[in-house]
Structures are given as structure tokens and as C-alpha cells.
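Load the model in your viewer and show the chains as C-alpha traces. The tour below goes from the pair of chains to one chain on its own.

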6 protein chains.
Amino acid sequence: MISATTMRLNIDPILIQALQEDISSEDVTTNAIVREKQSGQVSLICKESGVLAGLDVFSRVFELLDGDTQVEAFANEGDEVRQGDLVAVIRADLRALLTGERTALNYLQRMSGIATHTRELTQLLSSSKTRLLDTRKTTPNMRIFEKYAVKVGGGDNHRYNLSDGILIKDNHIDAAGSIAKAISMTKEHAPFVRKIEIEAENLDMVREAVRAGADIIMLDNMDLDTVRKAVQEINGKAQTEYSGNVTREQLQEIADTGVDYVSCGALTHSSNILDFSMKNLKKID
Amino acid sequence: MISATTMRLNIDPILIQALQEDISSEDVTTNAIVREKQSGQVSLICKESGVLAGLDVFSRVFELLDGDTQVEAFANEGDEVRQGDLVAVIRADLRALLTGERTALNYLQRMSGIATHTRELTQLLSSSKTRLLDTRKTTPNMRIFEKYAVKVGGGDNHRYNLSDGILIKDNHIDAAGSIAKAISMTKEHAPFVRKIEIEAENLDMVREAVRAGADIIMLDNMDLDTVRKAVQEINGKAQTEYSGNVTREQLQEIADTGVDYVSCGALTHSSNILDFSMKNLKKID
Amino acid sequence: MISATTMRLNIDPILIQALQEDISSEDVTTNAIVREKQSGQVSLICKESGVLAGLDVFSRVFELLDGDTQVEAFANEGDEVRQGDLVAVIRADLRALLTGERTALNYLQRMSGIATHTRELTQLLSSSKTRLLDTRKTTPNMRIFEKYAVKVGGGDNHRYNLSDGILIKDNHIDAAGSIAKAISMTKEHAPFVRKIEIEAENLDMVREAVRAGADIIMLDNMDLDTVRKAVQEINGKAQTEYSGNVTREQLQEIADTGVDYVSCGALTHSSNILDFSMKNLKKID
Amino acid sequence: MISATTMRLNIDPILIQALQEDISSEDVTTNAIVREKQSGQVSLICKESGVLAGLDVFSRVFELLDGDTQVEAFANEGDEVRQGDLVAVIRADLRALLTGERTALNYLQRMSGIATHTRELTQLLSSSKTRLLDTRKTTPNMRIFEKYAVKVGGGDNHRYNLSDGILIKDNHIDAAGSIAKAISMTKEHAPFVRKIEIEAENLDMVREAVRAGADIIMLDNMDLDTVRKAVQEINGKAQTEYSGNVTREQLQEIADTGVDYVSCGALTHSSNILDFSMKNLKKID
Amino acid sequence: MISATTMRLNIDPILIQALQEDISSEDVTTNAIVREKQSGQVSLICKESGVLAGLDVFSRVFELLDGDTQVEAFANEGDEVRQGDLVAVIRADLRALLTGERTALNYLQRMSGIATHTRELTQLLSSSKTRLLDTRKTTPNMRIFEKYAVKVGGGDNHRYNLSDGILIKDNHIDAAGSIAKAISMTKEHAPFVRKIEIEAENLDMVREAVRAGADIIMLDNMDLDTVRKAVQEINGKAQTEYSGNVTREQLQEIADTGVDYVSCGALTHSSNILDFSMKNLKKID
Amino acid sequence: MISATTMRLNIDPILIQALQEDISSEDVTTNAIVREKQSGQVSLICKESGVLAGLDVFSRVFELLDGDTQVEAFANEGDEVRQGDLVAVIRADLRALLTGERTALNYLQRMSGIATHTRELTQLLSSSKTRLLDTRKTTPNMRIFEKYAVKVGGGDNHRYNLSDGILIKDNHIDAAGSIAKAISMTKEHAPFVRKIEIEAENLDMVREAVRAGADIIMLDNMDLDTVRKAVQEINGKAQTEYSGNVTREQLQEIADTGVDYVSCGALTHSSNILDFSMKNLKKID
């Protein structure tokens, strides 16, 4: 599901770095015990139920260590996996299997944890038109993996970073002097393909944002009654995004306001991992 | 608490990379609105109670963007902070403050989340001699930050990576043929300053490990009764580490077995963040 | 005009690389002749009339070689400069001045050449509402400089790269099966802040693009009569961009069709440089 | 024509960087529309007459994205190509073809533009012994490509950079105190394989340079009559290089002075591109 | 003997850099003379007797330049080779063979020189239980190669670097205030898998180190009589390392003191190379 | 003596890498014991007589760790230093002094060792016009330091690498078909500032090389009688370089043949280090 070009250009360099973080000179234990090239295989087992995400990344870690790695997968990205499931069998040089295990699992577990969390929340929204968004509250140097996992889980991605999306926050508005001025300065400066999003904290700000031509209005930490009024007032002249602390319980209620999007930082900053392990390593001829 | 040499050699390159992940060409919003150098300040506010960790890293993000950054701190690493506390005031070029905010917070929130989690668990162990350890189940390219946060929270660090510690796991034992053989191959190969740790799953394995001269024996997923017997049998001839799923409830009971260390992967793979925000940005002259 | 944060994060690494391209071991001539630190100054002189762009980059080259560099500027970014104008005086270690000269000028001359070219064309459009756009036909590893120069010259920037803008071309449409399908696949996949732009070659395609909800329609190599009809038919339901070989003569005529934007690859792929030289180097105490 | 070792060591890292400039997270459009590996092909078509240069680089861009890329070429480096010519067919993963297109063309067009320009000028010199040289007025981080293109066009390369050639300019002479002193300081400092070139602005300087043992004398911005006298006076005791603004018209006249070399910065700083496009993309089985 | 994972992660990047040090733009001589891909072979000949080390690294240099390189080896790592021995035949693109020769030999010669030196000294120790250690007095950016060569020669590796081993020196003791305090501060701070080594200069320091729980005591520049007493006093409660200027003559005498280890900086800082050359290059079909 | 621009562009990145080789996560010992910034000083003492080289590099290591480092030097590059001499006092953060010590000394000792060796040999040549040259037999990733040390010791540098000098060896001649052809192919391909050097093994080859217009002829492993004849035959039409195993005893005799240069690989591949140590570390206020 991750394209080969993305893998080569944007992911491989980060994986290499992660491997070098874990192996600064050599894997002493493995190199002590396996002294020659020896083909082997190992099973990837799911240890708790959830949504699989990151199997390509997991596999790529071994491929970077051994170009002849072969991965036989029994589940696809986005599949629900259950405790005890055999997810894949990986065949490679034993040393690659032993050395890459922890790094590969660290990616897979985090990505599947995020996908699982996202799936839970998007299912709560499934009867509404409201879509779930991630944020930039990602782990540093993990964004490409975490935003991908959100999509596997059924969520949508907000902007990737500060360069590819405009979001005018309260501090920006203060610095500009007014909403109108902030929007016009941004339109003048930004590449013409950018949508302009702006944060609004009350109905007056919402109205001013609409007048100034905002493409997206973030309804920030408003009570749901105000959100409902804001959505009615905006009436399709801009897209709407609800932002605030989002609990499972509240999610349906937020959707009922008619807002287009709900964003949720916790997807990437506070998901638990989904547990997997590598078992039954054995030599093959 | 992070030494200046560690910061320059081992942390700065990662922070630069994290900033470039968030700013691939420029911060379009900020550059549109703040077009000239303008000194400003902003307050770092704590939004939930916990343990502060990573303030140096948070500050360094701004220093890398503006060499004249000044940080006035009102709390120290390891302090307990409470919702609403003013933790620091940061003074720098407004553009550095706006552009660096998310990356700086992403580090601070994760590191403080880990320290908070660690503090909770170490306090449960405070009446015993058993110490809490982290693992290699860290977020890729975040290890230096996450292991440091564990120490701020009162935990101890296990090995840093595959190059600086020996841990012979079941798969290694299989590959070597026996515990004795695995230990002797490792002693022969590893730098002489390495301790040899080996995983044991039952008392027979424990006995063989002691005989073979292991420095540390990991008691892996044993029931607590067996752990107690293992500790008695080892009787100081090796250090002991309990490894398995560790819950808050069980922690005291584990310590009562007399084991030297308990390791806990969740510290780094499943801690929630501790929430902070940057507020009251204003220009200064 | 380039923010300090952009300079540090996104420009410095490229400048260092450019300097290393020119100095793979050392500047043999300069190091042979100037053997000790010696302060000096040199004048930057304009050698043909045009628009100044890139003075910050020019200066930064010397600052990277000598942290104590001081640049006294007599013109601002975007100013029209004339042959013989003294544009700036640079004071630094003589060796930095001699060693950095060519790299600094190579940037300044290209950037000013592009700004000059852009200014000429935008002036031809000044009485219309049509705006001039750049493209991705930039010199590899020079995009941040070239797109900035277009803005200094009065043009607007199209998307920065393949990651931050959607542009569905004929080949993409073929691969998707239809315009409608291409647009819906893209909306499903892309971060929600992206506008969707699509290439159309005739009025049928224009109509289909409007129906499918395109945000921007590129009118690709159409005759001007068709462009006019397309603009009328679109009637504000999407933004319009004219793309094709654009000559100075034709530019007003294109604008008269009512199109919102004209894009012009030649701005970045075929502008001549604007000539500058560094003269009157002398020692100072 | 570019050797495989040069490609791997000196070119691949730059191409990767150029691709990452264009794809900072992923190619959103292509990845939205082509979701699985799908073999395809596309034709490289020449759109204006000129000299082909950079086909290896163009091909390499796709190989870096897809290791299975195959390029069938119908023209060779240095060939004259005409509008409409089918230059090559490229077969690879459709996503590699779509994602790499612009970067590959950006290299090919610039390199062929420079080769075309160089060919024109060298043909004007074909009846004389005078050779055409490039300069260090290249685009930053493009030098290896641009100097190669000059050679494809029939020109010669001057020094590659400040480390591999000595060129004593007026400022260096001032700093040294005299021509003789500058030459002797340089001889003392430089690796013994270096030739010493020095700039001379009049016949006195020429004479002093000859006496001091210069290997090459650059006749800088002299009128052609003085150049002729200089060449006669030097009489083979040093090589001679004419430097100044060189127009097509003047070139034969310069050659008639008997100078060995003419250098021309415009080859690399102000050549127009040669236009190519990629057409007829289709899936193959 | 070097594992494939170590090669890919920890060695390849250094070899690439070494090749780029030697080829900053291209190998001008080779590219001038061999203009097309042409398979060839060359023989690696030993020119003086010693111990072979680094053949994998030597081969890897060519593989990085030409993925189709094949190396037929007639000797193994650690073998004694004699003047005139044919050590290997390398088959690859002629240009790879010519371009990589010097870099490949520079590694092989240094590594074999170190292995030869180490073998000589370890043979002098062969009748004792004392083992020979290397130090951190390695050549910058060569440590992974030099420490490996020591092992090939029969020596043991001391810590790899400052991060993976504790060694408390006199300056650290001064800074801490006492041996006891230095050891306790270190135990508190260091990862729990670290052994603590401390330098002692006299018997009082030795006793204090034992009491404070040092794992290893370095007997630094002591006369041999004191060393003997120290070893007796320590009596197995810590490992012992002799450090000082070690001559061939003295080595047996040092071993007779009963010390566990002798460390010797000269192995890596002052070994002569072992001479090899590449001969009989010829084309093959 | 190393220029500030060379240090910043070409040396700093290598020093950073060397420091990271020695400190992959942190300096555990130092950080355990010195927990706060604390100014200190340490003395650099010479431990055996020789020629000082690399003091700038030594100092730079500490400056990179602590920007406020101050070095008070009591000797200059190229000075003869004697055992016990106080060479410099370094003041910096104690942690920088402790952490940087080994890396700084590793550079200083190697560079001074090479300078000392070179000085010995050049003094043996002092009554002749023959100059001593280094070779490319340098330690990988150490060339810039080692070639500089040769110059400090009074030697001359041969070409820096394969890109900046032509040296046609026997294998190249074979590949080209003849000396004449090799020289003409090289002249055609190489940048025009390159001198052409060619290896000759007998007088016939010498004559052919002169006829073909070689700039430098390397007399490779000839007996001295043949060398003398070759020099007479060449008679100034090319420069001459003697290459072969050079012993101290033979050096004067080689010079007596009238050869211009003698090259000696041992300068960089087999010099012993010159011993220095850092002593008397103490805190300052």
C-alpha cells in the first residue's frame, strides 16, 4: 500500500537511521553466535486483536539488511488481526532476522496501534458524514509512518507539515492584527494551490473568517451548541473542522453538529501499541 | 541535566531532522504574517499534572532556529508540575517561536509522559531494593530522548542498543545449540567490558546459566513462584531481571520475590503524553 | 526577506554543499597567498540593469565561511538596480571573500536573472487581474532559490513539489480511466487541505472537471478562443490556469481571456543571469 | 558516456537529493491514482532541434526509483536530435515513470541546452586551433552535469573547482604584492601536479607572468590587438586563454589572434534549455 | 567474517565516503582511457609475510563500484600469507578495478598490518592466561576496521567507545573527589549492564577500588613488582588490566605477574602496513 | 596554518564524525561524574621529541564540543618539540575536555608523527634540489590531515586524489594500447589545467613518454643507474619523479641522480605516532 517510490525516497533513509540507532558498531550477540551466512525463517505472530498497519515497513527493515529477504504475508494492511494469528513468515539470513527484529517490531507495533485506535473512532462516526483527521502532534521523525497508519485505520490526513498547509492560529491573528489581515497576508504569500484554514473561537470570529474568504474554519474548543450555530452560519461557504479534546463518548454528539471534520491529536500522540512477536526462528537450507 | 556535549553531538542532528520533517520548504503561515525579525516571548504552560522531562530539548529546538533564544525556567527536570503551572518563558524571534512550537512540544510532551509513567511505577517499588528498567522497545529515532526520560522518572537504563550490551535470547540459544555454548561463544567474541545476560524460562535453564558464568539472568515470563525459587538458587552469583507483562497491581509482588530488576517495555512504547501548551505569545522590544 | 528560520533549516545545508562542490579539499590559490587571518572588504557591483534578488543568500555564503562577516547593503530585494550601482560592501576575512566569491555570485546572478525576467512579464499583466505563475521546471536542487526569486519579481508560486499539490495530468487521467474517477481517487487519498487541479485539453474535459468538483482547471495548450469559452463555462466554479508556450507578445491576449493564472516554465528554466561582480578587494585593519 | 563509477559515487547522491526536493513526503497525485505496482512505458520525444546530452542521467533517475527500469535509446549522447524525434522508450513501474518525469526532464533539458549552445560555438571555431572552455560560473550543485554537457557539445573543461586548479586573479596579485610573488607563493604551496594560471590585463603583466614561470596566462578583457601582441610575446612559453564577453560574432576574430583557448561563462550560466517531453504513457503486461 | 549486516549498516557508509575522498568528481585517468564498460580481472598479490585481515572490506570497495564484482579468494581472514602469494582474483568492470584499487588496498594493508602486529604479540603470550587488548588510540573514522583487525590477529577488544564502557581515569577521580565517590556516581548513572573500570596508580588506590566494587581495575604505569602485589591483593574480586608502554621483550614478564589483560595502544596507532599489490590486470570477455 | 575556510568546509564534518564514532550515545563516565557545566583547564604535554603538526585540529575538536574553548599555545605548527614540553593549555567546559581528549590526541599524534618522519627525510635531501613527495597511500578519511602534515614536515604534496591529477599507470597503458595513445586520450579527456604524468619502467618507455608530451615522468622501480640515464635523456623536457621503496640510507643517492622528486608512501602509511598527553586537569572559576 506504500508505493515503491515512497519507500525508496522517503522511508529507506529513516529506516537505515533507526537501524543504526540500534546497531552503532555491530549486533554483538548475534555476530558472536551466528558466524556465517545461514538462511532461516521466523513467524510474525499477533498477540492482541487490532488492525494491521506497517507490514511493508516491517518487511523493508529486513530487506535493507538482506537483499534476498522474502516475506510471505497472510494478512493485508488494514485487516483485523486477532491474538494468535500467524501474520507472516519472513525468510532471510538468520543474522538479518535476529538483528532487525526489534526495529521492525517497533515500527509495526506503533503503526498497528495507531490504525487500531483510528479504526475504533472512525467506526463511531460511520453513520455520519463527519470525517476523522489527524494532526501534527506526531512523534518526531515518525510522521510519514504515523500519518499512513491513520489512513489505514480509516482516518483522513490533515496537512503534512508547516510547508504544505496554511493554518492561521490565534497567535498568528494577533501578530497580523486581525483575521481579515491575516487571511489576506497569507493569500498574498502562499503558493496559489494552498487552502487557507483559520482558527475561530467564537461566532464573531467565524463570521469574520467567512467574509475574509477562508477555505476552512477550525472551530477551536467551542461548546457543541456554538459549534452547531457556527456550522449553520457558515452554511457550506467554508469547510469546518472541530478541534478540542475528543472522547469516544462525545464523538457522535460532535458529528451531530454537522461539522465536516473532527481532528484528534491522541491518534498519534497517545495510542497504545498493538503487540506482535517473532517466534519459531529456525534454520532452512 | 543533558550535558552540552551530548546535545551537540548526539541530539542536535536529530532535532534538525525533526524540524526539517515539519518544514520541508518554509513555514508558510508564519512567514506570510511575520515578515521581519521581531523579538517576542511566549509562556510554556502545564496542562495536566505529572513529571517534567525534556525542557532542555524543548529549549534547544528554539535555539537551533534562533541563536539568541533565552529560556527562563520556573521548574527543573524531574519536578512534579501541575495543571496551570507556568513552566518557562521563552524569548526569541517571533518566527522561531511560531515555527518551532509543535516540534518542541512534541518532544516535551512525550518525554514528560514517559517520566510521569516511570515515576508512578518506581514509587510503587520504593520500599524494595528492586529497580525498574526500560527496554529497547523505544520509538525509532527517539531512543536517546526516551531513555533519558526514564532516568528523569527514576528508572534505570538497560543496554542502549545491540552494540553495547549482550542479551542472549531463546533464538540465540537455539542457534548456538546450548546455553553453555551460547555463553562461551559470546564471551569469546564480545569486547571484554561486556556483561553477559541470558534469558531463562525455567529453573533448569537458570542453573545452566549460572554454571556457564552468566553475569545477568533474565527470568522471562515465569510465574512468581518460580521467580522466587530462581532468585534463591542464583543467590547472588548473577544479577536477576524479571521480564514479562508488568501491571501496577503486580509490581510489589514481583519485588517481593527478591529480583534485582524489573524491566517494562510499556514505559517507552505505551506511555500517554503529558499535555503542555504555549500561550500568550507577544512582541517585546 | 527570507526568514531566518528558512535560512537555517532549508538553505544553509544546500549552501554548504555548493561550497563543498567548489572546494573539495581547499582553495589552493587563496590559501597559498593569504596565509593568516586578515580582515578585508570588497564591493558588490551591478553590471547590467535588472531586479535584485538573492542578496541574503549571497551574504549567507560569506557568513558560513566567516561568522564575523558584515554586509552593508545599498539596495533591497526587489529593487531595480542599474549597471555600475554599488549594491553592497562585504567585510570579512580576506580568505572568506576570495573563496566564497564565485559561489555567492552564482546564486545572486541566477536569482536576480529570474526576478528580472519575472518582473518584465508581470508588468505586461499589470492592467489585468491575471497573475503569473512559476512551474516545477526548476533547476534540480535550486528550487527554493528559484521560486523565491519569482516572488521577488512579482510572480506567484504554483505548488512547491509533488507532495504539496495535486495536479492530475493526461497520463494520470488515462491511468484512472476518466476525469471523474481521477478526481474522486485523489480526493479520497490526499490530505484534506489539498486543492485538486486537473489538466483539460478541450471543453468537454473542462465540463467534466467542473462536474467532478475540481478546484483548479489547467487549460493546457488550448487556442485562446477555446480558453475564453472555457473561462465563461467555468464561471468561477473553479480557478483557471493557462499553460502553454507563453511569449511576451501573447501575454496580454491571454490575460484578456479572463483566465486567473498563466504559468510560465521559462521563468526558471531559461532566464539569463543578471551580471554582478565583486571588485576593489582591500585589506582593512 | 558517464562511467558507472562516476554515476554511483558522484551523481547518485545528487539525484536522490533532487528527487527528495520534489517529493518531500510522497507524490500525492500518482499514489492516489496508481495504487499497485503496474509496469508501463513512456516515450521520450524531442521538441526542438539540438544536441542530446544527459540521457544517462535521465535514465538513472528512473532506475533509482525502480531498479527494474529499462531504457531503449534511439540516439546517443552528442547526437543532433530534431523536433519530433523519438529519443528513447522507458519501461518501468508506472509510478516511477510518473513520479520521476519532471526531475529527469529538468536534467536532460538543461544538459542538452548547454551541449547545444557549446556545439554552436565550437563549430564557429572549427577551422582554428583555438579551443572553447567553460568556467566555474555553473549552477550550484549542478557542476558535474554542466561540465559534462560542455564536453558532449565539443568544448573543453577548465578546472573543476578551487581545489584542483590554480588561478591567480587580480585580487590575489594585490594580496601577494606582485605577480612574481604570487606565482612563487603558489608554487610553494600547491600540489606539484598543478599548473599555475594567472590573470593578466596588459602586456607588462604578461611579461612578468612569463618571467615568473606561469604555465597559463589568462588575457583578461584585453582588446584583440593587445591579445595578438600578448600571444606573440608569450610565444609558446605559456598557454594562453582569452577571457571576456564572447559573442558569436566575435569568436572567429578572437581565434585569429592565435590564442589557445577562449573561455565562455554563458555556456553554463545562460544557455536556454532544449525542450523534450514524455508522451504516450501506457500500461504493459 | 564480518557479518553482512555489519557491512551494510556500519561499514558501507564509511567506504563510500573514503571513495569520495579519492574521487571528488571522477577518476580522470581511468575515464579517459576506458570509455565503455569492459569486464576485466586483476590479481591481489602479497608482497611481505604477515596475517591477512580485511579481505571482505577490500572486496566490498569494488562491489560498491560495480554490483557484479566477483572475488575468488585463495586465503582466509587470519591466514598467514607470504611474499608472492596470490591472495585473490577480482573480476569486475575494468573501471571499477582501476578506480577502487588504492582505496581497497589502503584498507587491506592497514588492517593486515594491525593483525600481523597483534599476532606477534599474542604469540608471546600464548603460554600464559593473560590476554592482549586494544585501546581507543585508533585512527579517527577507522575504529571499526582496526578493532576487527585486532581480533583477527588474536587480540581482544576493550570497550568500543565512550558510550559503551566505563573507564574512570585520574582526572575523573579528581573531579569526583574520591575513588569511592566516582564509582558510586558512575553506578548510579550508567546503564545497568555496564562494568565499571577504574585506573589505579598504587596499592592504596587498588584497595579502595576493590572496596568500592569496581569490576575491572587498570594498573596504570606501575612497576611490575607492584603489579604483582596488586594482583594478589585483588585476588579475583575484580578483573585486572595492565596499561603502560609495552615492549615485546617485557610482555612475558608482565604476564608472569598474573594480570588478566595487557592493553597496547601501539597495535592501532603505530603498526606498519602489510604490503600488497594488484597486478596483471586484463580484459576478459 | 590551516585556513578558517578549510576548517569549516572540509575539516569540521570529519571531526564531528570522528567524535560520533567515539560517542555514539553519550560519554557515560564523564556525564556520570561531571553533572553541571564547570570551567576547567588541562595541559598538553609532549612525551617524545619530534615535529608538532595538527594543533589547530586538536583545538578544533574541543571548540566543536564547547564554543567557548580557549587554547593558549606555546609552540607553533612545524616547531620541534621535546619530551616534557608544555605545548598548550586548553580551557573549556570540563566535560568537553574529558570527552574530546582521545579524539583530539588521536589526530595530533598521527599528524605530528607524519610531520616528524617527513622532516627527517627532507633533511637528508636538504643539500640537493630533489623534493620529497607524499602519495595516495593515506589512511581512508584522513587524507586532508595527512597531506597537511607532510607539508608541515617540509615535504611537497603530490595530487590530492584521482580527480585532480592524472597518473597513467602500467594498467592504463595496457588498456590504452600504447603510451602515446594513453597520453593523447588523457589530453583529450582531462580538464585543460591538468598535467599529465605517466609511469615508465625503462628507457624506451621514457623516450616514448617524452615524445608523446608527458608533463611528468615517474621512474618506477628503476635501478639508480637507469634513473640517472633517464634524467639525462629527459633533460628538462618533463619533470621527473622517482618511485620505489625508499630507505633513509638510499635517499641521498637517489637525489644524486638529478631526479626532481622522490615520492614515499611510508610517510603516510607507516609513520609511528608522536606521543602527547593531557595532564593536570583542574577546575577554574
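Select chains A and B together. A turn of 180° with a shift of 0.0 Å along the axis lays chain A on chain B, at an RMSD of 0.0 Å (least-squares superposition on the C-alpha atoms of residues with pLDDT of at least 70 in both copies). This is therefore the relation of a two-fold axis.

Next, select A:Asn141. Its C-alpha lies 3.4 Å from the rotation axis, the closest approach of any residue of chain A. Both copies use the same surface, since 100% of the contact residues of chain A recur in chain B (contact: heavy atoms within 4.5 Å).

Colour by confidence. This is a predicted model, in which local features need pLDDT of at least 70, side-chain atom pairs count only at pLDDT 80 or more, and totals for chains, interfaces and linings use all residues. Residues are numbered from 1 along each chain as its sequence is written, chains are lettered from A and ligands numbered from 1 in the order written, and side-chain values use heavy atoms, without hydrogens and water. Chain A has a mean pLDDT of 96, with 100% of its residues at 70 or more (pLDDT is the predictor's confidence in each residue, from 0 to 100). The scores are ipTM 0.96 and pTM 0.97.

Now hide chain B. The C-alpha trace of chain A spans about 70 × 40 × 25 Å along its principal axes. Among contacts in chain A with a separation of 6 or more, 70% join residues 24 or more positions apart.
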